[in-house]
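Which helices pack against each other here, and which residues do the packing? This report takes the helix pairs one by one and then turns to single residues.

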Amino acid sequence: MAWVLVTILALIWGTSFILIKKGLVVYASDEVGALRMVIACAALLPFAIKNLRKVESSRWKFLLGTGLLGNFFPAFLFAIAETRLASGLAGVLNSLTALFTLLVGAVLFGQPITWMRMLGIIIGIAGTAVLIFSGNGNADLGNMYYGLYIVLATIFYGTSANIIKHRLHGMKAIALSSLALLTVGPVALVYLLTTDFFYKLQHVPGAWEALMYIAILAVFSTAIALILFNKLIHISTTLFASSTTYLIPVVALMWGVLDGETIHLWHYIGMVIILVGVFIVNRAK
């Protein structure tokens with residue numbers, strides 16, 4: 001079951017980067033991020049209402065934490081990054097989640113970390129540097145510094161995974177996911193009302209098509225995938241759950257190439273180095 005979930009999640013999340021790119025054709029990065037949260041929250045709202053009174057008051061701060069770090073902030077950071085970064089490369093950088101899951105677990109949650117795993121983290125960070133600073137000046141790939149937004153997002157993802165494992169253990173995946181989104185969905189909606197989203201929806205050509213891509217992103221890559229990921233964390237370990245990052249870059253790069261993105265040799269080298277670091281982290285004792 002764990003391996004089935006890993007495969008499904010890799011396919012869903014690997015596709016999310018091209019969906020963000022399609023949404024950005026019409027909408028600004030902040031609009032894409034806010035829309036993603038609002039639609040995802042709405043999709044799981046019935047489950048959130050059902051479980052609202054079943055949660056101990058002491059757990060709400062952790063639900064807010066995973067809502068912000070595992071959903072809200074990354075939704076905006078990935079959208080900002082993809083205004084200058086190819087979607088395939090965004091998918092590659094997402095691999096860092098596995099490394100930061102371990103590092104955050106060690107620093108904040110007292111999880112043991114061996115020198116071999118530390119070596120894997122260093123290798124992964126080195127691969128990130130290769131990928132980020134190997135831009136070729138192409139208009140789509142030129143500002144590789146935008147990859148740092150994704151690095152920050154993966155740190156948030158790693159923190160959220162540890163909160164779920166160590167502070168929200170025992171909660172059903174559907175309850176956890178819907179309530180975490182409920183803590184951030186209303187904030188995203190209020191923010192969305194301050195943007196030009198509704199004007200663009202009525203007057204900009206292609207706005208409804210772009211909204212469709214964002215809706216698919218929100219429902220599948222955020223709402224449904226969040227439930228599956230939380231389930232995966234509960235039946236395995238945080239490190240095994242983050243191993244989806246082995247397959248996500250392959251799916252993301254495939255979609256990017258099909259969409260006409262140009263990926264160069266140094267980008268592939270950076271990806272391989274990152275995945276070697278992830279492999280060492282997951283396999284080292």
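Contact means heavy atoms within 4.5 Å. By that cut-off, Tyr146 touches Ile80, Ala81, Thr83 and Arg84, leaving out residues up to four places away in sequence. The model is predicted.

## Around Tyr146

Tyr146 sits in the loop between α7 and α8. Is Tyr146 buried or exposed? Its relative accessible area is 19%. Buried means under 20%, so Tyr146 counts as buried. Tyr146 and Arg84 are 62 residues apart in sequence. In space, their C-alpha atoms are 6.5 Å apart.

## Helix pairs

Two packed helices are described by the angle between their axes and the distance between the axes. The table gives both values for three pairs.

| Helix pair | Axis angle | Axis distance |
|---|---|---|
| α6 (residues 96-109) and α7 (residues 115-132) | about 140 degrees | 10 Å |
| α4 (residues 60-81) and α8 (residues 147-167) | roughly 160 degrees | within 8 Å |
| α6 (residues 96-109) and α14 (residues 265-283) | about 40 degrees | 9 Å |

### α4 with α8

Start with α4 and α8. Their axes cross at roughly 160 degrees. Angles over 145 degrees count as roughly antiparallel, and α4 and α8 are therefore roughly antiparallel to each other. The crossing of α4 past α8 is left-handed.

Which residues of α4 meet α8? They are Phe62, Gly65, Thr66, Leu69, Gly70, Phe73, Pro74, Leu77, Phe78, Ile80 and Ala81. On the α8 side, the partners are Tyr149, Ile150, Leu152, Ala153, Phe156, Tyr157, Thr159, Ser160, Ile163, Ile164 and Arg167. By class, the contact of α4 with α8 holds 16 nonpolar, five polar and one charged residues. Two α4 residues return from the loop description: Ile80 and Ala81 meet α8, and Tyr146 touches Ile80 and Ala81 as well.

### α6 with α7

Next comes α6 with α7. The two pack at an angle of about 140 degrees, with their axes 10 Å apart. That angle makes α6 oblique to α7. The crossing is left-handed.

From α6, the residues are Leu96, Leu99, Leu102 and Leu103. They meet Arg117, Met118, Gly120, Ile121, Gly124, Ile125 and Thr128 in α7. How many residues of each class does the contact of α6 with α7 have? The count is seven nonpolar, three polar and one charged.

### α6 with α14

α6 also packs on α14, at about 40 degrees and with the axes 9 Å apart. These two helices are therefore oblique to each other. Again α6 passes in a left-handed crossing, here with α14. Leu96, Ala98, Leu99 and Leu102 of α6 make the contact with Ile274, Gly277, Val278 and Val281 of α14. Its residues divide into seven nonpolar, one polar and no charged.

Some α6 residues serve both partners. Leu96, Leu99 and Leu102 appear in the contact with α7 and in the contact with α14.

## Single residues in α6 and α14

Thr97 lies in α6. It is buried, with a relative accessible area of 11%. A polar atom of the Thr97 side chain lies 2.9 Å from the backbone oxygen of Asn94.

Val278 belongs to α14. It is buried, at 0% relative accessible area. Val278 and Gln202 are 76 residues apart in sequence, with their C-alpha atoms 45 Å apart.

Tyr268 is in α14 as well. At 33% relative accessibility, Tyr268 counts as partly exposed. Leaving aside neighbours within four places in sequence, Tyr268 is in contact with Leu253, Val257 and Ile263. Tyr268 and Gly256 are 12 residues apart in sequence and 13 Å apart in space, C-alpha to C-alpha.

## Ala10 in α1

What does Ala10 contact, beyond its neighbours within four places in sequence? Its partners are Thr244, Leu247, Ile248 and Val251. Ala10 is placed in α1 (residues 2-23). At 1% relative accessibility, Ala10 is buried. Ala10 and Tyr246 are 236 residues apart in sequence, and their C-alpha atoms are 8.2 Å apart in space.

Notes:
Residues are numbered from 1 along each chain as its sequence is written. This is a predicted model: local features need pLDDT of at least 70, side-chain atom pairs count only at pLDDT 80 or more; totals for chains, interfaces and linings use all residues. Side-chain values use heavy atoms; hydrogens and water are left out. Helices (H or I, at least four residues) and strands (E, at least two) are DSSP runs, numbered from the N terminus. Buried means under 20% relative accessible area, exposed over 50%, partly exposed in between (1.4 Å probe, protein chains only). A polar contact is a pair of N or O atoms within 3.5 Å; within protein, one must be able to donate a hydrogen and the other to accept it, and residues adjacent in sequence count only if both atoms are side-chain atoms. Axes are lines fitted to C-alpha atoms, for helices over the stretch in contact, and angles run from 0 to 180 degrees between N-to-C directions. Angles under 35 degrees count as roughly parallel, over 145 as roughly antiparallel, 65 to 115 as roughly perpendicular and the rest as oblique. A crossing is left-handed if the near helix is turned anticlockwise from the far one by less than a right angle, and right-handed if clockwise. Ala, Val, Leu, Ile, Met, Phe, Trp, Tyr, Cys and Pro count as nonpolar, Asp, Glu, Lys and Arg as charged, and the others, Gly among them, as polar.
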